[in-house]
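Visitor: Please take one part of this model and look at it closely, and then go on to the charged pairs elsewhere in the chain.

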Amino acid sequence: MNKRIWLSLAHMGGREQDFIKEAFDTNWVVPLGPNVDAFEKALADYLQDDRQVVALSAGTAALHLGLILLGVKPGDEVICQSFTFAASANPISYLEAKPVFVDSEKDTWNMDPVLLEEAIKDRLRKTEKLPKAIIPVHLYGMPAKMDEIMEIAHRYDIPVLEDAAEALGSKLNGQMCGVFGELAALSFNGNKMITTSGGGALICRTEEEAKQTKFYATQARDAAPHYQHTHIGYNYRMSNICAGIGRGQMFVLEEHIARRRAHQALYTNLLKDVPGITVMQNPNDRFQSNFWLTCILVDPKIAGKTREDIRLKLDAENIETRPLWKPMHLQPVFVDAPFYGNGTSERLFDIGLCLPSGPMLTEEDVEKVVNMIKRV
């Protein structure tokens, strides 16, 4: 059988083993340790914006703690992008707050600033309160329209928690994703730009925010010789072993970004003459996506085939692809949540497909994927 071409596999650069061995040699395998400190510093240096970074067990944990730092309480409303993975919205429910979903615009597929302001105004009319926070997502590595989103957020004095889980290394106006909002979450899951096998980080503006994050992430233990707790805490800190993997991955991050951008450019070139197929692009020079995943739209009226026809055929040929995210407002678990939409995310979900994009992918692999699409 043909070798399976995966959507996005992790790639180890080699230095990871050195830092893991160091942890074993010093018997420092528990949560926290030198690798954690060094990984946090490497991330902060990479962002180039004088930010504090706290390494955590998952990107979801980062979003959860971010909402806690922003003061979200039971009954509060939090505006969240609808077109995203469930992890963007689930932490809102962890805090017994209420998600309010906003649809996407067509340029970046991310939160529509016009609908964002419409949602804020309507929630204020209906609840007599402003939403407590806004969670835009840089989907598939494409920066959201943060200039517009931040202007609205500042005007209504609502803090922004960026979900940059897929966007490490992406830039808007030359500025790294993850440094626009008050806080931001990163993910180091196995299929992301870099991996720690599992893990994430919260990007903070201030040292005090980082200190509070570490406090909540280590069971909120008070400063006392005995175990004393005046707040509910969580076991969310990253282990020294996982952080060692992350330290090694930082040496290949730029290579991973270059590889994924090269894949997107090759797909664009090879699919340019295929009727009904559109490859996701940067809207203009202000946007520099890392192209975590290369995504296509399949217009069935022109292509003569649906996204699902292509997905099933590629799967039969041992090629993994995946539909775009099913919007949160269509998920049964969020059926009662308010939604402000224009149909964009529903249309994208119906016709969109993620293609293999990992750093281990070869040009021959990309050509095989394209040839199979053409055969369909």
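**A serine in a loop, and the salt bridges**

Guide: Ser357 sits in the loop that runs between strand E15 (352–355) and helix H13 (363–375); the model is a predicted one, and what follows should be read with that in mind. With a relative accessible area of 0%, Ser357 is buried, because a residue is called buried when its relative accessible area is under 20%. The side chain of Ser357 makes a polar contact with the backbone oxygen of Leu355, at 2.6 Å. Leaving aside residues up to four places away in sequence, Ser357 is in contact with Leu7, Arg260, His263, Trp292, Leu293 and Thr294.

Turning from this serine to the charged side chains, one finds a count of 21 salt bridges in the model, and a few of them can be taken in turn.

In one of them, Arg123 pairs with Glu77, and the closest N and O atoms are 2.7 Å apart. Arg123 belongs to helix H5 (residues 113–127) whereas Glu77 belongs to strand E2 (residues 77–81), so this salt bridge ties together parts that lie 46 residues apart in sequence. Arg123 is buried, its relative accessible area being 9%, and Glu77 is buried as well, with a value of 12%; each therefore falls under the 20% limit that defines a buried residue.

The salt bridge between Asp49 and Arg51 has its closest N and O atoms 3.0 Å apart, and here the two partners fall into separate classes of accessibility. Asp49, at 28% relative accessibility, counts as partly exposed, while Arg51, at 5%, counts as buried. The reason is the 20% limit: a value under 20% is called buried, and one between that limit and 50% is called partly exposed, so 5% and 28% are assigned accordingly.

For Glu317 and Lys313, which also form a salt bridge, the closest N and O atoms are 3.7 Å apart, a separation that still counts because the cut-off for a salt bridge is 4 Å. Glu317 is partly exposed, with a relative accessible area of 21%, and Lys313, at 31% relative accessibility, is likewise partly exposed.

Finally, there is a case that involves three residues: Glu105, Asp107 and Lys145 are linked in a network of salt bridges.

To return to the residue with which this look began, Ser357 is buried at 0% relative accessible area, and the polar contact described for its side chain is the one to the backbone oxygen of Leu355.

Technical notes. Residues are numbered from 1 along each chain as its sequence is written. This is a predicted model: local features need pLDDT of at least 70, side-chain atom pairs count only at pLDDT 80 or more; totals for chains, interfaces and linings use all residues. Side-chain values use heavy atoms; hydrogens and water are left out. Helices (H or I, at least four residues) and strands (E, at least two) are DSSP runs, numbered from the N terminus. Buried means under 20% relative accessible area, exposed over 50%, partly exposed in between (1.4 Å probe, protein chains only). A polar contact is a pair of N or O atoms within 3.5 Å; within protein, one must be able to donate a hydrogen and the other to accept it, and residues adjacent in sequence count only if both atoms are side-chain atoms. Contact means heavy atoms within 4.5 Å.
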